Amino acid sequence: MSLLRTENLSKIFISRRGLLKSENITALDNVNIELNERELIGIVGASGSGKSTLAKTLVFLYRPTSGNIYFNDKNITKYKSGKIKKYRKNIQMVFQDPYASLDPNHTVEWHIKRPLVLIKYKGNINERINELLNMVTLNPPEYYRNKFPHQLSGGQRQRVYLARTLAVEPKILIADEPVSMLDVSVRIDILNLLKMIRDKLNLSIIYITHDLNTVSMITDRIYVMHDGKIVEKGNTINIIKNPTDAYTKELIDAAPNPYKRI
Ligand code: ADP
Ligand code: MG
């Protein structure tokens with residue numbers, strides 16, 4: 001049984017230009033993916049292929065136009081808002097821009113404490129904050145707790161945001177281009193951290209990227225997206241070595257060096 005599964009998931013954006021012209025964008029076109037427990041899978045595709053729409057639909061920031069999402073084999077697309085809230089605790093998202101995701105007026109401690117208060121964390125909140133900072137390797141935690149976002153690097157901010165999402169003990173993490181705005185030198189550290197967290201917390205992770213280099217480093221299985229459709233799926237290395245879809249070949253050719261590990 002898969003932990004999360006989509007069935008012909010579609011999302012159409014209706015955009016209106018002027019009074020007469022309207023243009024629909026099919027951002028997701030009958031997408032079928034599945035994620036098993038403790039799996040780290042990749043969604044790969046060029047800009048505009050529908051990756052972020054898929055992520056946002058999975059966390060209910062968007063309502064699907066049609067199709068179904070199953071969590072633990074329960075069709076959550078049929079849930080009413082109260083139940084959706086419960087589901088959303090299980091599935092957290094990390095975004096691309098570490099500069100936009102933290103509030104500049106508040107400390108690291110505040111950012112991590114807030115979700116703990118919201119979930120009415122029963123244990124010692126101070127210890128839990130330290131534990132979470134340790135988990136994302138911001139050591140020693142005491143050094144980072146009182147820092148403001150502007151005092152941190154992009155990589156450190158992304159770690160803080162990650163600690164914040166882990167505070168609510170999600171089952172699934174969706175990381176949408178989490179390292180594409182970071183310096184190349186810290187990308188590998190953050191990706192290794194994702195892998196380590198997966199092992200430590202038995203999380204399932206969906207890593208979204210346009211970058212075949214990084215996807216081959218941490219995922220076993222990928223889905224390739226193009227124009228809202230899954231055009232290819234399977235073992236990451238097999239697909240990179242023997243792409244069958246013309247669009248996947250294009251992506252590989254466009255990558256500076258697909259086999260180079262950064
Ligand atoms: P990716 O993350 O792969 O770059 P997106 O999911 O952001 O792709 O976008 C897929 C398509 O949907 C694009 O054509 C984009 O312009 C369109 N799109 C995304 N979000 C919206 C929105 N909120 N309203 C209208 N169109 C959107
Ligand atoms: Mg995107």
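Buried means under 20% relative accessible area, exposed means over 50%, and partly exposed lies in between (1.4 Å probe, protein chains only). Helices (H or I, at least four residues) and strands (E, at least two) are DSSP runs, numbered from the N terminus. The model is predicted: local features need pLDDT of at least 70, side-chain atom pairs count only at pLDDT 80 or more, and totals for chains, interfaces and linings use all residues. Residues are numbered from 1 along each chain as its sequence is written, chains are lettered from A and ligands numbered from 1 in the order in which they are written, and side-chain values use heavy atoms, with hydrogens and water left out.

**Exercise 1. Helix α1**

Task: State which residues of α1 are buried, and describe the backbone at Phe60.

Solution:
- Step 1. Lys51, Thr53, Leu54, Ala55, Thr57 and Leu58 are the buried residues of α1.
- Step 2. Because 6 of its 8 residues are buried, α1 is largely enclosed by the rest of the structure.
- Step 3. Phe60, just after α1, has a positive phi of about 65 degrees.

**Exercise 2. The shell around ligand 1**

Task: List the residues around ligand 1, sort them by character, and find which elements supply them.

Solution:
- Step 1. Take every residue with a heavy atom within 4 Å of the ligand. This gives Phe13, Ile25, Ala27, Ala46, Ser47, Gly48, Ser49, Gly50, Lys51, Ser52, Thr53 and Tyr62.
- Step 2. Count Ala, Val, Leu, Ile, Met, Phe, Trp, Tyr, Cys and Pro as nonpolar, Asp, Glu, Lys and Arg as charged, and the others, Gly among them, as polar. The shell then divides into 5 nonpolar, 6 polar and 1 charged.
- Step 3. At least two shell residues come from each of β2 (21–31) and α1 (51–58). With 3 residues, α1 gives the most.

**Exercise 3. Polar atoms facing ligand 1**

Task: Find the distances from Ser49, Lys51 and Ser52 to oxygen atoms of ligand 1, then state how much of the ligand is covered.

Solution:
- Step 1. Use the cut-off for a polar contact: a pair of N or O atoms within 3.5 Å; within protein, one must be able to donate a hydrogen and the other to accept it, and residues adjacent in sequence count only if both atoms are side-chain atoms.
- Step 2. For Lys51, a polar side-chain atom is 2.8 Å from a ligand oxygen.
- Step 3. For Ser52, a backbone N or O atom is 2.9 Å from a ligand oxygen. For Ser49, a backbone N or O atom is 3.2 Å from a ligand oxygen.
- Step 4. On its own, ligand 1 has 560 Å² of accessible area, and the protein covers 63% of that. Accessible areas come from the Shrake-Rupley method with a 1.4 Å probe; for residues, only the protein chains shown count as cover.

**Exercise 4. Nonpolar cores**

Task: Identify the members of the largest nonpolar core that touch the most others, and follow the contacts of Leu132.

Solution:
- Step 1. A nonpolar core is a set of buried Ala, Val, Leu, Ile, Met, Phe, Trp, Tyr and Cys residues joined through side-chain atoms within 4.5 Å.
- Step 2. The largest core has 44 residues, and Leu132, Val136, Leu162, Leu166, Leu194 and Ile197 touch the most other members.
- Step 3. Contact means heavy atoms within 4.5 Å. Apart from neighbours within four places in sequence, Leu132 is in contact with Ile112, Leu116, Ala163, Leu166 and Ala167.
- Step 4. A second, separate core has 28 residues, including Leu35, Leu54, Val59 and Met225.

**Exercise 5. Arg128**

Task: Is Arg128 buried or exposed, and which residues does Arg128 touch?

Solution:
- Step 1. Arg128 is in helix α4.
- Step 2. Its relative accessible area is 8%, so Arg128 is buried.
- Step 3. Not counting residues up to four places away in sequence, Arg128 touches Leu116, Tyr121, Leu166, Ala167 and Glu169.

**Exercise 6. Thr65**

Task: Place Thr65 and describe its contacts.

Solution:
- Step 1. Thr65 is in the loop between α1 and β5 (66–71). Its relative accessibility is 44%, so Thr65 counts as partly exposed.
- Step 2. Not counting residues up to four places away in sequence, Thr65 touches Ser10, Lys11 and Ile12.
- Step 3. A polar side-chain atom of Thr65 lies 2.8 Å from the backbone nitrogen of Ile12.
- Step 4. Thr65 and Lys11 are 54 residues apart along the chain, with C-alpha atoms separated by 4.7 Å.

**Exercise 7. Backbone exceptions**

Task: Which peptide bond is cis, and what phi do Asn30 and Asn202 have?

Solution:
- Step 1. Most residues other than glycine have a negative phi, and most peptide bonds are trans.
- Step 2. The bond joining Asn139 and Pro140 is cis, with omega about -10 degrees. Pro140 is in the loop between α4 (125–135) and α5 (141–145).
- Step 3. Asn30 has a positive phi of about 50 degrees, and Asn30 is in strand β2.
- Step 4. Asn202 has a positive phi of about 55 degrees, and Asn202 is in the loop between α7 (184–201) and β9 (204–209).
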